[in-house]
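Hello,

Here is the structure I promised to pass on to you. Please have a look at it first, and then read my notes below.

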Amino acid sequence: MAAPVRLAFVGCGHCLKVSFGAVLPFVEGLEVVAAVDSSEAALAEALDQYGIPKGYRTLEECLDREQVDAALIAAPVFAHAELALACARRGVHVLLEKPMARTPDECDQIIAAHRQAGTVLMVAFMKRFNRSMLQVAQLLEEGAIGQVMAIRHNWDWGGNESATFAPQWRGQLRTWGGHWQDHGSHSVDLAHWWAGPVSSVMASFEISEPHWEVETEYNVICTHASGVRSTHQCTTFAHRENEERYLIFGETGTIELRHASGVWQYTTPYELYLHRYGRLRENHQPPFSANWLEEGRQFGQYKVELDHFVECVRQGRQPLTPGESGRAVVEVIAAGYLSAQEGREVRLPLEQSPDLERFFRALRPRLPPRYWQG
Ligand SMILES: NC(=O)c1ccc[n+]([C@@H]2O[C@H](COP(=O)([O-])OP(=O)(O)OC[C@H]3O[C@@H](n4cnc5c(N)ncnc54)[C@H](O)[C@@H]3O)[C@@H](O)[C@H]2O)c1
């Protein structure tokens, strides 16, 4: 039997607790040998909760002391480039959380370093491994809605964002991006899957919460080279349950995907409908059982994603979501910020990375602080 892939889990916050932690024992051929986190408390919790044998405060120390084949990097986005480059220098394969990095330039450096090292570089677009999303891909391939004409995406937060996430690093200037960078990276990747590459972007952003330094709201229109337009929207003022929703409009039908994203475990597949003739609604939601442990073991998107990563490492194969797919998304994200900064439609490929720090410093919060203190 082949030796297991020895993995270091780097950044042990939300992503370990809510996304990967529960499914790690189900992944065949994977051995989590160490956790790395700059926070002592996060590290202690990771070791205690997930039975990870060793903990380190820095990646370098971990790689000096442990035999590590691969790293899952789930640290904040501003640390992605530095950590992914350190792995390439040590010949360590990487599964890198989305968004791949803050700018296309950072992505280029990561891609070049891993290419030179001959290591696998996969970007963690787990929705590509989601059961409902795979069902959508099959419907599209079968021609269930004919040619794709338009795509609409909404990611709305029920109360205000501060009630959902403390801002911490997500709200800070050094991320060079807020909700568009964070959630938009998923919806842009899906739009790439469903409609091909983006050729131009028009966008506007707002900060609706004064303690955030980057956008909390976005309205973005992407025109794809195929002629399809995809729109991507997020508000933190939904005043209802959180919602993640996609509509794919085709010549002969509309696909609707909905997830009540208050539940992040994703053991329940997305609601999936096919609408026709303005009145017929076919239910295509994959069947699922009430045994969520078994659901996670068989279909969990993070489990299937990790299975794929392990297989690519073992076979030296190019992953389904390589660095190039992460870069393509980051380029669209950056084009959105440039479009808002310059008040114009921005064509791709981008000729240069925008000055994101300047853009966010100029973006002013819409509501006064007293709104949030009350
Ligand atoms: N695909 C998904 O479903 C999903 C879900 C959540 C988060 N994410 C992604 O995972 C990443 C982390 O997000 P999160 O919500 O877990 O954040 P988080 O703040 O909850 O956790 C990040 C952890 O990284 C640690 N850290 C910071 N700098 C570090 C460094 N240089 N080395 C090692 N550890 C470091 C922090 O102490 C913290 O414990 C982001 O890229 C985010 O977009 C993806």
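**What I found**

Proline 349 sits in the loop that connects β15 with α13 (356-362). I start there because of a detail of the backbone: leucine 348 and proline 349 are joined by a cis peptide bond, with omega at about 0 degrees. Please keep in mind that this is a predicted model.

There is another cis peptide bond, between lysine 98 and proline 99, and its omega is about -20 degrees. Proline 99 belongs to the loop between β5 (93-97) and α5. While you are looking at loops, please also check tryptophan 176, a residue other than glycine with a positive phi, near 55 degrees. Tryptophan 176 is found in the loop between α7 (161-164) and α8 (179-182).

**The chain as a whole**

The chain has 14 helices and 15 strands. Its C-alpha atoms fill a box of roughly 60 × 45 × 45 Å along the principal axes. The radius of gyration is 20 Å, which agrees with the value near 21 Å that a compact globule of 374 residues would have.

The chain is divided into two domains: domain 1 covers 5-126 + 298-321, and domain 2 covers 128-289 + 328-362. Their centres, taken over C-alpha atoms, are 25 Å apart. Domain 1 brings 23 residues to the contact and domain 2 brings 25 residues. On the side of domain 1 that touches domain 2, the elements giving two or more residues are α5 (104-117) and α11 (301-315). Of these, α11 has the largest share of that side, with four residues. Sorted by class, this side of domain 1 has 14 nonpolar, five polar and four charged residues.

**The parallel sheet**

Six strands make an open sheet with parallel pairing, in the order β3-β2-β1-β4-β5-β6. At its edges are β3 (54-56) and β6 (121-124), each of which pairs on one side only. On average, neighbouring strands of this sheet are turned by 25 degrees against each other, direction ignored.

If you would like to trace one pair in detail, take β1 (residues 5-10) and β4 (residues 70-73): they run parallel and are joined by four bridges. Alanine 8 has alanine 71 in β4 as its bridge partner.

**The mixed sheet**

Nine strands form an open sheet with mixed pairing, and their order is β14-β13-β12-β11-β7-β10-β9-β8-β15. Here the edge strands are β14 (280-283) and β15 (346-347), each pairing on one side only.

Strand β7 is a good place to see the mixture. With β11 (residues 243-250), strand β7 (residues 148-156) pairs in the antiparallel sense over eight bridges, whereas β7 and β10 (residues 229-234) pair in the parallel sense over five bridges. For landmarks, isoleucine 151 stands opposite isoleucine 248 in β11, and alanine 150 has arginine 229 in β10 as its bridge partner. Further along, β12 (residues 254-259) and β13 (residues 271-276) are antiparallel and share five bridges; there, isoleucine 255 is partnered by leucine 274 in β13.

Two helices lie across strands of this sheet. Helix α9 (residues 184-195) lies across β7, β9 (217-224), β10 and β11, and runs at about 165 degrees to β7. Helix α12 (residues 323-342) lies across β8 (198-206), β9 and β15, and runs at about 55 degrees to β8.

**Around the ligand**

Where does the ligand lie with respect to domain 1 and domain 2? The ligand lies between them, because both domains give residues to the shell around it. There are 25 residues around the ligand, and Gly11, Gly13, His14, Cys15 and Ala42 come nearest. Helix α1 (residues 14-20) gives the most to this shell, with three residues. By class, the shell has 14 nonpolar, seven polar and four charged residues.

That is everything I wanted to hand over. I hope you enjoy looking through it.

With best wishes

Terms used: Residues numbered from 1 in each chain as written. Predicted model: local features only at pLDDT ≥ 70, side-chain atom pairs only at ≥ 80, totals over all residues. Pairing = 2+ DSSP bridges. Axes fitted to C-alpha atoms, helices over the stretch in contact; angles between N-to-C directions. Near = placed C-beta within 6 Å. Nonpolar A, V, L, I, M, F, W, Y, C, P; charged D, E, K, R; others polar. Domains from an automatic or database assignment. Contact = placed C-beta atoms within 7 Å. Rg over C-alpha atoms; globule rule 2.2 N^0.38 Å.
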